[in-house]
Amino acid sequence: MKCRVCKSLAVISLPRHNSAFCKEHFFEFFYNQVKKAIKEFRMFRPSERILVCVSGGKDSLSLWHALTVLGYPADGLYIDLGIGGYSEKSKEMAEKMANLLGRRLIIVEFGREYAPVNVVAKRARRSECSACGTIKRYYFNRVALEEGYDVVATGHNLDDEAARLLGNILRWHIPFIAKQLPVLEEENELKKKVKPLCRLTEQEIAAYAFLNRISYIRDECPMSQDSTSLLYKRALNLIEAESPGTKHFFYLEFLKQRDIFSVSPTNHDRTGIKRCEICGSASQTDICSFCRLVSYLQPLKT
Ligand code: AMP
Ligand code: ZN
Ligand code: ZN
């Protein structure tokens, strides 16, 4: 197998592009995909302050690494949800990357301040994944606002986005489909959110992490058994194996043709924002979803 560009020995084959690359040209390919996403969706400029949300996994650590290589001075945010040994290990990986890059890592100790996320979920009678999502979204925005960041970046990749799109299409959730973009503009104290790895697959990001010797937590989160999204990923991978390129065509072509889905107002619109009576942050309801969630802990705390 030879590199498509220089014909030397390839280290990775990319069936979806019908090509293979040596290490140097794979990095070139990788950075070009990140640059293309940033430019196409006007995600940010080098002068803007970027906060990368890092979970300790390969996607978000590779994102932080790649943005730094590309000259974007990004800082990291890690939220410790108090998940047994998993949170400790993943925090360690985030700290290691912060040291390697010489960048600031902000750590939020949710588990210690409130309770482990599984306890919160149980008390609120919510699934662990949904409680975890509420907590993460809350801190992504709050920390960015308080610390003066212009944009919040997450490590969502092409597989994540394609699986989410498939799920939304299977249910014909038109308003969700219309807004499933790699950029959510800033609005009413909700900071701009971006997904610069949306053009790269999980496998390509794993290769980037491996070739850069990035240590990351390999275990899946013990709580994250979001079986539907795993099912959609499996289904897309099955199709991809038979017909390489279908996955990226499915998602990237959607991005090109997104205007055919018109946005109709829903409860999830970022307009009509009030202020949470407890924490004062922007909210669509009198009490924000984070404060509602942790309120179930009150009897425990007293
Ligand atoms: P997930 O919802 O676990 O698929 O993660 C999606 C993205 O959210 C990751 O790529 C990270 O950018 C971010 N993220 C996940 N967990 C954390 C965490 N504990 N702290 C900060 N960011 C996180
Ligand atoms: Zn080459
Ligand atoms: Zn609140």
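A search of the whole structure finds 0 disulfides; a disulfide here is a pair of cysteine sulfur atoms within 2.5 Å. This is a predicted model, where local features need pLDDT of at least 70, side-chain atom pairs count only at pLDDT 80 or more, and totals for chains, interfaces and linings use all residues. Residues are numbered from 1 along each chain as its sequence is written, chains are lettered from A and ligands numbered from 1 in the order in which they are written, and side-chain values use heavy atoms, without hydrogens and water.

Take C198. Its sulfur is 16 Å from the closest cysteine sulfur, in C53, which is too far for a bond. C198 is buried, at 1% relative accessible area. Buried means under 20% relative accessible area, exposed over 50%, and partly exposed in between (1.4 Å probe, protein chains only).

Other cysteines bind zinc. Donors are N, O and S atoms within 2.8 Å of the metal (3.2 Å for Na, K and Ca); water is not among the atoms, so sites may look incomplete.

| Zinc ion | Donors | Distance | Angles |
|---|---|---|---|
| ligand 2 | C3 (SG), C6 (SG), C22 (SG), H25 (ND1) | 2.0 to 2.3 Å | 96 to 114° |
| ligand 3 | C276 (SG), C279 (SG), C288 (SG), C291 (SG) | 2.3 to 2.4 Å | 105 to 116° |

The angles make the arrangement tetrahedral around ligand 2 and also around ligand 3. Four donors count as tetrahedral if all angles lie between 85 and 135 degrees.

The donors of ligand 2 are spaced C-x2-C-x15-C-x2-H. C6 lies in the segment before β1 (12–14), and C22 in the loop between β2 (19–21) and α1 (23–40). Helices (H or I, at least four residues) and strands (E, at least two) are DSSP runs, numbered from the N terminus. C6 is partly exposed at 36%, whereas C22 is buried at 8%.

The donors of ligand 3 follow C-x2-C-x8-C-x2-C. C276 and C288 sit 12 residues apart, and both are buried.

Now the rings. The structure has 19 aromatic pairs. Rings of Phe, Tyr and Trp (its six-membered ring) pair if their centres lie within 6.5 Å; planes under 30 degrees apart count as stacked, over 60 as edge-to-face and the rest as tilted. F27 and Y31 form a tilted pair, 6.3 Å centre to centre with 40° between the planes. They are 4 residues apart in helix α1, so about one helical turn separates them. F27 and Y31 also belong to one aromatic cluster, with F21, F26, F29, F30 and Y208.

Terms used:
Tetrahedral: all angles 85-135°; square planar, octahedral: opposite > 155°, others 65-115°.
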